[in-house]
Each structure stands twice: as structure tokens, then as C-alpha cells.
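The exercises below are meant to be worked through with the sequence and the 3D structure open side by side. Try each task before reading its solution.

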Amino acid sequence: MDTRRFSLIDLSFGEIDRAIKVLSAPAHASREAPAAPEGDTLQARQRAESVRLMRVNHSGEVAAQALYRGQALTSRDAAVSAALEHAAAEETDHLAWCEHRIRELKGRTSILNPLWYAGSFAIGALAGALGRGTGLGFVAETERQVESHLRGHMDRLGTADPRSRAILERMTHDEMQHGAQASSLGGQELPFPVGMAMRLTARLMTMSSYWL
């Protein structure tokens with residue numbers, strides 16, 4: 001059995017390699033994309049809106065990958081690290097689904113994704129280093145905000161784009177589970193100013209990725 005203990009440098013190079021793959025290589029899902037009615041009758045204006053919304057969601061999943069990887073790197077609790085890595089695997093499915101749907105719609109992903117990844121990784125690493133309760137509380141609050149954000153996008157899509165909507169519905173289900181798991185593992189409620197700062201940061205990412 002391999003009992004090698006990796007140094008911080010080894011782990012850092014591993015995370016850099018993972019970041020490059022997330023940002024430059026096509027994502028591969030381990031689960032089938034949610035089923036939806038066949039056919040695409042979107043008008044040009046509806047298609048453009050779907051592309052923008054799915055681009056925002058794709059950027060959110062890029063940030064989620066970085067957040068979970070950062071926390072798993074600095075967490076001192078093996079059970080927490082395992083839970084974070086499991087959640088990151090499901091977020092990879094979300095990333096692949098959004099990416100594929102954007103290609104179907106003839107759109108593109110955000111040019112700002114490297115910025116979102118770097119910032120989210122740093123925040124995740126800091127949250128993990130602050131301890132189990134704070135780190136998991138940060139995850140739980142993030143998932144609550146993502147759930148609200150996804151529901152807002154489903155409202156904006158309405159019935160015009162059932163394929164994108166089916167993806168967002170499945171993502172919402174998964175995010176709720178991730179948040180509940182983080183809370184059950186000992187996540188603590190974050191101070192109001194921290195939650196507000198997170199909302200403002202998410203708004204900046206949403207507005208930027210919508211156009212860029």
C-alpha cells in the first residue's frame with residue numbers, strides 16, 4: 001500500500017494541474033444530463049438569454065470547483081475533506097452539463113473564469129483553514145445562495161427553454177443536498193456581514209459573466 005505523504009509543493013502542483021484542466025479541458029460528467037423534451041424552437045432573443053444565463057451558471061460551477069478544492073486542501077478533518085471531494089465530483093457534472101448546453105446553444109463560456117477560479121480557491125482555502133465549523137458554514141451559506149440564484153434563473157427561463165430548465169432543476173436538487181450535508185457535518189451560521197459580502201461578490205460575478 002502506498003503510504004507516501006505529499007508535501008505542500010506536491011499538493012500545490014496537483015491543484016494547479018487541476019485548475020488548468022477545469023479551465024481549459026472539456027468537462028466530463030459521471031451522470032447523464034437530465035432528460036428534457038427533444039427539439040429546439042427558441043427564437044433568437046430567447047436563445048441569447050439562455051446562453052447568458054447558462055454562462056453565468058457555468059461560471060458558478062467553475063467557482064464551486066475551486067471553492068471545494070481549496071477547502072479540501074486546507075481542511076484538517078479527513079471526513080470533511082472526503083465530503084468536499086464528493087461534492088466537487090457532483091459539481092463537475094454540473095460543469096459538464098452547463099458547458100454542453102452552452103455549446104448546443106452556439107454560445108461561449110465566460111472569459112473571466114480564471115479570475116473566478118483563483119478567487120474562489122483562495123476563499124475556500126482560507127475558510128478551510130479557519131476550522132470545521134466556519135469552513136462548513138461557508139459551504140452551507142454558499143449553497144443556499146446558489147439555490148436561490150438557480151431558482152431565479154428558472155423563473156427567467158420559464159417554459160421557453162425546457163432543456164436548460166431541466167439541468168437547473170437537477171442542479172438545484174444537488175445543491176440543496178450539499179448545503180444540508182455541510183450543516184449536518186457541523187457547519188456554523190455565518191455572521192450577517194459575511195453573508196452579505198458573499199451576496200455582493202456573487203452579484204458581481206453574475207453581472208460580469210452574463211455579458212463577458
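**Exercise 1.** Decide whether E104 is buried, partly exposed or exposed, and then examine its salt bridge with R101.

*Solution.* Buried means under 20% relative accessible area, exposed means over 50%, and partly exposed lies in between, with a 1.4 Å probe and protein chains only. Because its relative accessibility is 26%, E104 counts as partly exposed. The model is predicted, so that local features need pLDDT of at least 70 and side-chain atom pairs count only at pLDDT 80 or more, while totals for chains, interfaces and linings use all residues. Residues are numbered from 1 along each chain as its sequence is written, and side-chain values use heavy atoms, with hydrogens and water left out.

The next step is the partner, R101, which counts as buried because its relative accessibility is 2%. A salt bridge is a side-chain nitrogen of Lys or Arg within 4 Å of a carboxyl oxygen of Asp or Glu, and in the pair of E104 and R101 the closest N and O atoms are 2.8 Å apart. Helices (H or I, at least four residues) and strands (E, at least two) are DSSP runs, numbered from the N terminus. Because E104 and R101 are 3 residues apart in helix α3, they are separated by about one helical turn. Finally, the pair belongs to a network of salt bridges that links R101, E104, D161 and R163.

**Exercise 2.** Find how many salt bridges there are, and contrast the pair of R144 and E141 with the pair of E49 and R156.

*Solution.* The count comes to 9 salt bridges. Side chains of opposite charge can pair when their charged atoms come close. R144 and E141 meet at 2.9 Å, N to O, and because they are 3 residues apart in helix α5, about one helical turn separates them. R144 counts as partly exposed at 37% relative accessibility, whereas E141 is buried at 8%.

E49 and R156, in turn, have their closest N and O atoms 3.0 Å apart. This pair links distant parts of the chain, since E49 lies in helix α2 and R156 in helix α5, 107 residues apart. R156 is partly exposed, with a relative accessible area of 49%.

**Exercise 3.** Describe the largest pocket by its volume and by its lining.

*Solution.* On a 1 Å grid over the protein atoms alone, a pocket is an open set of points with protein on both sides within 12 Å along at least five of seven lines, and lining residues have an atom within 4 Å of a point. Grid points are joined across faces, edges and corners, and a volume is the space filled by probe spheres set on the points. The largest pocket has a volume of about 930 Å³. Its lining has 35 residues, and the closest to its centre are Q145, M198, T201, A202 and M205.

Next, ask which helices contribute: α2, α4, α5, α6 and α7 each supply at least two lining residues, and α7 gives the most, with 11 residues. For the classes, Ala, Val, Leu, Ile, Met, Phe, Trp, Tyr, Cys and Pro count as nonpolar, Asp, Glu, Lys and Arg as charged, and the others, Gly among them, as polar. The lining of the largest pocket then divides into 19 nonpolar, 10 polar and 6 charged residues.

**Exercise 4.** State how many helices and strands the protein chain has, and what share of its residues is buried.

*Solution.* The protein chain has 7 helices and 0 strands. Of its 212 residues, 43% count as buried. One buried residue is C98, at 0% relative accessibility, and C98 lies in helix α3.

How values were computed: 1 Å grid on protein atoms, 1.4 Å probe; cavity = no way out; pocket = protein on both sides within 12 Å on 5 of 7 lines; lining within 4 Å.
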